[in-house]
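Me: Could you take a close look at one helix pair in this model for me, and then follow the packing outward from there? I'd like one connected walk-through.

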Amino acid sequence: MMNHTGEHPLDSIRYTTTKTTILDPEMLRNNRVIMGFYNDPRADIFRVLRTNILKQLRENNWNSFAITSATLGAGKTFVSVNLAIAIAMEGNQSVLLVDADLRRPSLHKYLGLQEELGLADYLKGEISLEDILINPGIERLVILPGTSSNNNASELISSRKMINLIKEIKSRYESRIIIFDIPPIFAADDALLFMPHVDATLLVVEDGKNTTNELQHSMYILEQTNLLGLVVNKSTQPIPSYQYGYANESVLT
């Protein structure tokens, strides 16, 4: 995994046991992964979101949060990837991005990773964690990709091994922030099982798609946790005061 001792500051991390893969910039642009491309004005929305998120994390001494949505297709993975890169670029901490959506893992698709093994394989006891961690060629960022496990996703999420993994990666490095891309709230019970084990949650909604009842129910559920805020995706309308901002995926093409 990452090695950042006093001899190797965060701006010069050496990856020893973590595999490094260099991503294709054109593929990233096509998949709307725009953080990391300097002078791209569209990345400013994630810089603003990064500032808001880091302020709350630091004030509360938190180092982990989950990103979820009310329903499928809202763009939670789009937000997860770009926000993780934005936080890594801030330079004061490293980031571990975990694809914990065991029913529909898609983090590897956004990044163009061809990995066949992931979190579900680790939870089933088939591989070690070090076998699946990837540095995508971005300084201070490590990816834990996901693999599909539709038949027993809830059982894996609530398993002792998953709970122990969350505890272990939260405590391993003081300067690391862990971001979990988890399933939508209403897709299954996976998100509800997962949220008690992280410090906070960020909600992504697709403007014009979710009903008022879905949004209100989602907010009610998440207010029982530490709710970081609400990101409206694919929105062209002004943002209400209770929302952090918007990530207009529809124009990031």
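Reply: Happy to! Please keep in mind that this is a predicted model. Let's start with helix α2, residues 44-60, which packs against α3 at an angle of about 70°, the two axes being 9 Å apart. Angles of 65 to 115 degrees count as roughly perpendicular, and α2 and α3 are therefore roughly perpendicular to each other. On the α2 side, the contact is made by Phe46, Leu49, Arg50, Ile53, Leu54 and Arg58. Helix α3 answers with Phe78, Val79, Asn82, Leu83, Ala86, Ile87, Met89 and Glu90. Sorted by class, this contact has 10 nonpolar residues, 1 polar residue and 3 charged ones.

From here we can step out to the nonpolar cores. The largest of them has 41 residues, and Phe65, Leu141, Ile179 and Leu202 are the members that touch the most others. Helix α3, spanning residues 76-90, gives the most to this core, with 9 residues. There is also a second, separate core of 37 residues, with Ala153, Met162, Leu165 and Leu230 among them.

One more stop that you may enjoy is Thr201, found in strand β9, which covers residues 200-206. Thr201 has a relative accessible area of 0%, so this residue is buried. Setting aside neighbours within four places in sequence, Thr201 is in contact with Phe65, Ala66 and Thr68, with Met195, and with Leu222, Thr225, Asn226, Leu227, Leu228 and Gly229. Phe65 is a name to look for twice, then: as a contact of Thr201, and among the residues that touch the most other members of the largest core.

Conventions:
Residues are numbered from 1 along each chain as its sequence is written. This is a predicted model: local features need pLDDT of at least 70, side-chain atom pairs count only at pLDDT 80 or more; totals for chains, interfaces and linings use all residues. Side-chain values use heavy atoms; hydrogens and water are left out. A nonpolar core is a set of buried Ala, Val, Leu, Ile, Met, Phe, Trp, Tyr and Cys residues joined through side-chain atoms within 4.5 Å. Buried means under 20% relative accessible area, exposed over 50%, partly exposed in between (1.4 Å probe, protein chains only). Helices (H or I, at least four residues) and strands (E, at least two) are DSSP runs, numbered from the N terminus. Axes are lines fitted to C-alpha atoms, for helices over the stretch in contact, and angles run from 0 to 180 degrees between N-to-C directions. Angles under 35 degrees count as roughly parallel, over 145 as roughly antiparallel, 65 to 115 as roughly perpendicular and the rest as oblique. Contact means heavy atoms within 4.5 Å. Ala, Val, Leu, Ile, Met, Phe, Trp, Tyr, Cys and Pro count as nonpolar, Asp, Glu, Lys and Arg as charged, and the others, Gly among them, as polar.
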